[in-house]
Structures are given as structure tokens and as C-alpha cells.
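Please examine the sequence and the structure shown here before reading on. The explanation then proceeds from a sheet to charged side chains.

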Amino acid sequence: MDLYVNARFLPMTGEHDTFEAMLVGDDGTITFTGSLEQARDRAAQLRRTTSGSLAREIDCEGHCVMPGLIDPHSHFSGATQYFTAADLSGARDFDDVARLLTDFARRRGWLKTADTAAAPAQPDDGVILIGVGLDDATLVEHRMPDRTVLDRVSATLPVVVNHVSGHNLACNTRILQLAGIDADTPDPTGGRYLRDADGRPDGRCVEPPAMSPVFTYIQSHQRLDMHALVGDMQDLYASHGITTVQDGATTAHDVAAFAGIADHDGFRVDLVSYPMFGEDVDGVFREFARYDSATYHGGFRFGGRKLFMDGSPQARTAWLTEPYTPGPEGAGYRGHATVDLDAAYRFALAAFDEGHQLLCHCNGDAASDAYLDLVERALRESTNPHRHELRPVMVHCQFARRDQYERMRTLGVIPSIFVAHTWYWGDAHIANMGMARASEISRVHDALDLGLPFTFHTDSPVIEPNLFESVWCAATRVTKAGVQLDPAQRVGIYDGLKAVTVNAAAQYGELDRKGTLEVGKLADLAIVERNPLDCDISARTSADSPTALRNLQVLSTIKAGHPIWQHS
């Protein structure tokens, strides 16, 4: 057993609650919290009654010990890109995009000559050049590159560039050919291929239905070993103090990989998977039925189903009730649904009938209305007597209105808010929606007022899985350009921390064993250099300060009493 001492304990049972020492049993659960003297007495009693060994005292050197953070929504499978793709986040124009891709490919040995068109890679050798993190709002051209730009990198090597939002991509001519996308390919429901004047796709694919053929080709041909990368992927999350992770839109291919890892070495973190709309979800649940449980097997389980309702506000594809500011789409443009609503309802009803939690991506307020309509109808028509206990989740909630939060409370829907939009894309939202609407994104205080158990997420790999940064964003609501968004929607640090501990545990139905430091719960811990409640959140000055909450250093992450990551 381990006795944690000399720490500032933040148990998340109350803003001012703390204790002097904590005892963790050999089974990885917390057995005592209280005074150091009582903790030592309890350890001695347990040793006598169990014939166990002396408790190991762990000196935390005055640092803060708090519950391990819980990721309410991200894409764990997407973390592979941090280790296998070219980082384009620093690109400022198309020349930068081409240069960064070319340099990355040359370092990997995929392009060996100055003539990039004469690249040695063959289309069936598993080599696909992927760029990630590109935000067209930061490019001089203010649009995604088309195939003519990416053909400058290589005419023979497949090249794909993913938008930072995950809702559109660009590819070169070669991968259009390999994916079977040509002038005769129709736009799918909820997606679109941008085209040249002659009708040929120009390489820009908007929204997942249009992106799907490219991803299908990549998944079936890319030489990617999830087993070899999963250690680094888990370290990425654990380095941010996260002990429970989500894969919030899982393909059948990735389910098989996760199951293989769980069956072999197991995961160090807990991983919760949500097979997504567009996949054979029924088939996935049948084939991998052992993971369709509230119990983890090898650190892995299914949490439910994932649905998508619209796109991305920064990409101007979120579905709104009021139009965007004038742009290339024409007057009155409001975005659109990215799914057939009848098919979406059948998917939602299946989740309620079979007793699965339903997660739905909703950025625009029209999308939020449509999702709440689906939930209300499914609750009315489902035959499952436990349907009101399933905790459906609205993911993102960027433009959710107060009346929609009131409706969520009535329907039992949990808002999981991508609050870091305030910092990362607040300025883009001002340009796309106008100041009045942009100022009210991520209405966290409304959710707090209404007593909703809101959570925060990062949607990683859209941004790094830094949940302390999300709490900072909720407490400041300042954009990168220094614009103050509606300060009435700010919340304090403690309520923000609840969103990624207590409330996140409740979202997963795991509050009985996670989310707080209490006797009987798992010793899932984050040891951080200082108490988050003491960190700097002064809006304009703290963004880059080492004492800022968003820059809080995690020193150690512990899962069920076992260290899984250590700051070097």
C-alpha cells in the first residue's frame, strides 16, 4: 500500500475541502483520507490484519494531488497523427504548405530528388503523405489548397492535408485517382466536392461524407501500426494528467485494433469507444460483444454510439438558424445538416432501444434543435424501460442557446462544451457570425445556472488534450487577438475543474469509482506542480505565463495506484 504525504490535496468534493494524507491499497483504491497520524495508524492496522508489508510513504514535496482528469470527448485514434504526419499548423501560405510537406517526406525518405514529381514511392507500398493542423483562416489565400498546389509536392505519392477542424481536407490528383473520385462522382448527402470549371473535383472534400472515400483508401493502404504507436499515444494524454480517454468516433478498423491491444498488453489508461454513424455499428457490437459493458477489459470498453449532425463553424459548415456573414456561399447561407435526418433518427432510436449512450456532434444551433428533436422523439417512442437513464450527450455546443440548455435539462441531455473555441477560433467566429453571436459561443455559465452537469473537451487531435487549458478558456473567454467574449458566460476555476473530473465521471456513469478522491474510489491521480485554484487566469496577461492555469505542469499521472507517466 502507498501513503501519500506532504501534498496539497484537492479532492474535488468541495471547493475548500482538503486533507493531510491519503492511503491507497494494493488493489488500487483509496482506503483512507484524513490526518497523517490517522493514516499511519490505519496503515499499521491493515498490515496487522492482512499480514501485508509496510506502507510506502510517497513524499509529494508540497505539490498538488487531485483526481486524474477525465476526457469527455476526443479522438484517441487520431493521436497517431502526432507521430506520423507533417505538422502544418505554422503554414502561412500555400508555399509554406508545399515546403513543410516536402521537407517531412524527404526526412522520411519518401522523396529523394529535387524533382518531387519523380518520387520513388509506389501507390501500393503503404506510403501516404499526410499533413495535419492546417487552418485556412491563417493562410494568405484564406482557403484550403487544391490539387494543383499539392501536385507540386508529388504527382505519384498520395498527398492528403486535413483541416484543423477535421471537417474538410485537400488531396492531390494521385489520391483522387486512388480513391475513385472523379467528375462523375456525385456529391454525397451532407458532403461536397469542390470542382474545377470543367466539373472535375479540385481535391477539396468538404464534410465527412465527401471525405470518406479518401479515409477508406488511407485506412486500407497506409502502413500504420497502432500497436507500435499506442504507447506514445497514451503518454500524450497521460502527460496532461488524463487517466480516462475517449475515442469519440470509432471505425470498425480501429475497434479491431483497440480490441487487439486490450487482449494483448492492455491499455494503461481507460479507453471508452463510440462506434460512429456510417459504420456497421450493429456488426461491431456483435463481433466485439465482450467490450459492450460498463466493465473495462484490458482497459477498453464501448460507451455507446456516435452521431454527427453538422460541420464546423470555423469552416462555415456548422448548421445555424441565422445566416453567416456574407461569403462565397451566397446570401442567406446557414450551413446544413451533414446527415439524413431520418437515418439519424433510426440510429438514435437504436441507441435508446439497446441501452447505449448516444453522443452527437452539434456545433450550430439549428443542429442542436435537430438533435434535441431526435432525443425527444426517441424517448417517446423507445420501448426500453430504462431509456431515461442513458445520459445522451450533445458534443461541442458552440452556438447552443439558453433555451436549448433548458431543453437539455428537461430531456436529461449532458452538454459537453468545446470551450477552447473562445481562444483558438473566437476571432474567426467574429468574422463568420459577427460580434454579437460570436461573443456568446460556449455559454458555460448558462449551463451552470441551470444546474446541468456540463463537461469540457478538447476534440483532440483538433487541439492538444490539455484540459487545464479548457478550464482556463472558460474562466477567461478571451480570443487570441485579445477580444473579450461575453464575460457573463465565464465560470470559476473550481466549476471548470468539476467539468473534467466530477461531471466527466458522471457522463460516463462512473462517478461511483472516479472523479473525486474518496474512500472506495480508484486511485486515479494527477500530481501537478501547484494547486489549480491558485493559478493565474488574468485574461490578457496569463496566456503565456508559466503560472497560467493553461500551462500548469503535470508531474506524474497515476492509474489505479500505478504510475503510468512521469515528467522527466
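The following paragraphs describe a sheet and several salt bridges in this predicted model.

The sheet is open and has 5 strands in the order 2-6-22-23-24, with mixed pairing. Strand 2 (8–9) and strand 24 (562–566) each have a single partner strand and stand at the edges, so one side of each lacks a neighbour in the sheet. Strand 2 runs parallel to strand 6 (residues 64–67), and 2 bridges join them. Within this pair, Arg8 stands opposite Cys64 in strand 6. Helix 7 (residues 226–238) packs on the sheet, where it touches strand 23 (554–559) and strand 24. The direction of helix 7 makes about 90° with that of strand 24.

Attention now turns to the charged side chains. The whole structure contains 34 salt bridges. In one of them, the closest N and O atoms of Arg147 and Asp196 are 2.4 Å apart. Arg147 belongs to helix 4 (residues 147–151) and Asp196 to the loop between strand 12 (192–195) and strand 13 (201–206), so the pair ties together parts that are 49 residues apart in sequence. Arg147 counts as buried because its relative accessibility is 10%, whereas Asp196, at 27%, counts as partly exposed.

A further salt bridge joins Asp270 to Lys514, with the closest N and O atoms 2.8 Å apart. These residues lie in distant parts of the chain, 244 residues apart. Asp270 is buried at 9% relative accessibility, and Lys514 is buried at 4%. Both residues belong to a network of salt bridges that also links Arg301, Glu510, Asp524 and Lys559.

Notes
Residues are numbered from 1 along each chain as its sequence is written. This is a predicted model: local features need pLDDT of at least 70, side-chain atom pairs count only at pLDDT 80 or more; totals for chains, interfaces and linings use all residues. Side-chain values use heavy atoms; hydrogens and water are left out. Two strands pair if DSSP finds at least two bridges between them. Helices (H or I, at least four residues) and strands (E, at least two) are DSSP runs, numbered from the N terminus. Contact means heavy atoms within 4.5 Å. Axes are lines fitted to C-alpha atoms, for helices over the stretch in contact, and angles run from 0 to 180 degrees between N-to-C directions. A salt bridge is a side-chain nitrogen of Lys or Arg within 4 Å of a carboxyl oxygen of Asp or Glu. Buried means under 20% relative accessible area, exposed over 50%, partly exposed in between (1.4 Å probe, protein chains only).
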